[in-house]
Amino acid sequence: MLKNYIALLLILVSSLLSNAQLLQEKKTFTKQDTLRGSITPERAWWDLTYYHLDIAVQPDQKFISGKNTIQYTVLQPHQVLQIDLQNPMVITKVLQDGKALKVTHEGNAHFITLKSTQNRGNINTIEVYYEGHPREAKRAPWDGGFSWKKDKNGKHFIATSCQGLGASVWWPNKDHMYDEVDSMDISVSIPKGLMNVSNGKLKQIESNDKTITTHWTVKNPINNYGVNVNIGDYVNFSEVYKGEKGPLDLDYWVLSYNLEKAKIHFKDAPKMMKAFEHWFGPYPFYEDSFKLVEVPYLGMEHQSSVTYGNHYKQGYLGNDLSGTGWGLKFDFIIIHEAGHEWFANNITNKDIADMWIHEGFTSYSENLFLDYYYGKGASAEYVIGTRRNIQNDRPLIGVYNVNHEGSSDMYYKGANMLHTLRQLVDDDDKWRQILRGLNSEFYHETVTTEQIEDYLSKHTAMDLAPFFNQYLRSTKIPTFEYQLENGKLKFRYINIVDGFAMPIQVEIDKHSKWLFPNAKWQTKTIKSERIEVDKNFYVHTKEI
């Protein structure tokens with residue numbers, strides 16, 4: 001009974017992860033989806049350069065108000081600019097050069113008519129004032145918004161999460177992934193006795209009789225859903241990590257009564273940094289530090305302000321998603337969410353349809369962490385074990401231009417695709433340089449799937465188009481079909497896309513051999529009475 005209970009528990013936990021699809025699956029799309037998910041004419045003509053988000057949060061009323069100062073460069077002359085803010089939040093006024101501007105509202109998209117002529121190359125600014133009761137998160141971080149909670153002492157414990165749903169759920173911005181702001185300041189006023197932690201480094205704290213205002217500054221480009229506010233009875237401890245680019249501040253913000261527990265448990269953070277700098281290259285945001293911030297939900301990859309709610313447990317809420325035991329060697333949230341600093345925050349998808357770039361590589365980072373500390377065998381067991389979470393319900397790539405992500409299989413099917421690619425490269429030093437090269441080539445950039453495919457094809461010196469069509473754009477898992485009789489091995493692939501002909505390793509007489517199957521039957525003479533397909537390749541096998 002205990003064994004069955006544990007198995008059921010793991011299935012439930014795995015289900016939670018597989019539902020980390022931040023929007024519900026949709027088959028039809030509205031104009032609002034297009035306004036949210038496409039590069040509209042009212043977005044395309046201006047390049048975002050700077051935000052100053054300056055807000056007051058009133059926890060007792062669950063109310064926020066303030067403004068976002070938006071600086072941009074004019075790429076082409078145009079007079080109408082799109083800003084996004086979701087109901088029930090409202091824009092109260094928009095100013096440019098001190099003059100009020102006309103705003104036309106169409107659902108969550110707001111079109112601002114500018115009075116001054118927008119000449120190419122000009123750097124201009126608007127101020128967007130807003131207020132309201134932001135959407136309350138129902139099941140953060142998957143169904144996000146503001147989490148208005150209390151800690152065990154009855155003090156306010158508040159956090160934001162908005163991936164997929166969009167940063168415009170709580171602040172006005174250019175809510176599309178393709179254009180990251182170059183730098184940002186975040187000012188948050190809150191009641192005295194609490195602390196706000198946001199992205200970047202703390203620049204100043206102002207206080208008066210009733211409130212404090214924290215001023216945070218972000219010097220690197222940041223994606224919009226990575227911006228966050230975290231408010232609570234926080235205390236801070238820190239250390240300096242000697243990284244590839246020099247001293248790196250590691251800061252930890254936790255609830256006051258969890259301080260001693262966190263000092264022990266957060267030792268996974270510098271271990272993570274050492275492993276991921278080895279595999280992926282230097283941490284991408286030295287100027288902004290690395291932070292772990294305790295929150296009242298599971299966690300999220302907010303840039304330089306990674307949020308943590310795994311209850312100081314190893315694994316995923318104390319469970320191993322791989323079922324191998326290796327998943328209990330690390331705190332899942334620290335390792336996974338911090339891995340996103342390289343894949344999601346450094347390399348960011350232009351369109352959420354390509355969100356597999358974030359989740360596939362980051363899920364793969366979990367087993368690379370194990371590889372660094374426990375060896376290649378342990379890491380392989382772990383990632384192979386995660387295959388039990390794969391549903392093959394729909395492709396990993398979603399529908400473009402309507403804010404629609406692909407299957408939640410982007411996590412562990414994505415990881416197993418990359419693990420399979422490592423076998424094809426068959427040179428771990430080269431594989432490491434490819435991963436590091438990705439983070440160098442696309443440093444602080446937004447990318448498409450095609451760019452990642454082209455890079456990997458070029459640097460592996462392989463035509464990977466059929467490989468990616470198979471694993472990213474199809475729900476089919478290649479099946480290695482074979483027959484072994486009288487010393488003759490007959491083999492082929494079935495359940496494949498056109499052109500799929502991935503080499504594969506098999507064990508024959510305790511020796512590893514490469515085979516080169518395709519859709520047609522091939523025959524090979526062997527002396528063994530049995531073969532075994534290398535489990536590191538994400539394929540099914542079928543003996544006939």
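# Exercises on a predicted model

Strand 17 (residues 246-255) and strand 18 run parallel and are joined by four bridges. That pairing comes from a predicted model, and the exercises below work through it and a few other spots.

**Exercise 1. Work out which strands flank strand 18 and whether its residues are buried or exposed.**

Step 1: start on the side of strand 17. Here Tyr 252 has Leu 292 of strand 18 as its bridge partner.

Step 2: now look towards strand 20. Three bridges tie strand 18 to strand 20, again in parallel, and Leu 292 has Val 306 as its bridge partner there.

Step 3: check the cover. In strand 18 (residues 290-294), five of the five residues are buried. Phe 290, Leu 292 and Glu 294 sit on one side, with Lys 291 and Val 293 on the other, so both faces count as covered, given that buried means under 20% relative accessible area.

**Exercise 2. Find where Gln 303 sits and list what it touches.**

Step 1: place it. Gln 303 belongs to the loop between strand 19 (299-300) and strand 20 (306-308).

Step 2: check its exposure. The relative accessible area of Gln 303 is 1%, which makes it buried.

Step 3: collect the neighbours. Skipping residues up to four places away in sequence, Gln 303 touches Asn 199, Asn 220, Pro 221, Ile 222, Asn 223, Gly 226, Phe 285, Glu 341 and Asn 345.

**Exercise 3. Lay out the open sheet of three strands and say which strands stand at its edges.**

Step 1: write down the order. It reads 3-7-6, and the pairing is antiparallel.

Step 2: pick out the edges. Strand 3 (80-84) and strand 6 (102-106) each have a single partner strand, so one side of each has no neighbour in the sheet.

Step 3: add the twist. On average, neighbouring strands here are turned by 25° against each other, ignoring direction.

Step 4: zoom in on one pair. Strand 3 and strand 7 (residues 109-113) share five bridges, and Val 80 stands opposite Thr 113.

Step 5: follow the chain out of strand 3. Leu 85 is in the loop leading from strand 3 to strand 4 (90-96), and at 0% relative accessibility it is buried. Beyond four places in sequence, the contacts of Leu 85 include Asn 108, His 110, Tyr 130, Trp 170 and Trp 171. Ala 167 is 82 residues away from Leu 85 along the chain, yet their C-alpha atoms are 8.3 Å apart.

**Exercise 4. Name the best-connected residues of the largest nonpolar core.**

Step 1: list them. This core has 94 residues, and Phe 266, Phe 290, Trp 356, Leu 438, Ile 452 and Leu 456 have the most contacts inside it.

Step 2: take one of them. Leaving out neighbours within four places, Leu 438 is in contact with Phe 343, Ile 347, Phe 361, Ile 452, Tyr 455 and Leu 456.

Step 3: look elsewhere. Another core lies apart from this one, with 62 residues that include Leu 101, Tyr 130, Ile 190 and Tyr 225.

**Exercise 5. Explain why helix 12 counts as largely enclosed, and say what covers it.**

Step 1: count. Six of the eight residues of helix 12 (residues 465-472) are buried, so the rest of the structure largely encloses it.

Step 2: name them. They are Pro 466, Phe 467, Phe 468, Gln 470, Tyr 471 and Leu 472.

Step 3: find the cover. Helix 7, helix 9 and helix 11 (449-460) are among the elements over these buried residues.

Key:
Residues numbered from 1 in each chain as written. Predicted model: local features only at pLDDT ≥ 70, side-chain atom pairs only at ≥ 80, totals over all residues. Heavy atoms only, no water. Core = buried A, V, L, I, M, F, W, Y, C linked by side-chain atoms within 4.5 Å. Buried < 20%, exposed > 50% of the residue type's maximum accessible area, 1.4 Å probe, protein only. Contact = heavy atoms within 4.5 Å. Pairing = 2+ DSSP bridges. Helix = DSSP H or I, 4+ residues; strand = E, 2+ residues; numbered from the N terminus. Axes fitted to C-alpha atoms, helices over the stretch in contact; angles between N-to-C directions.
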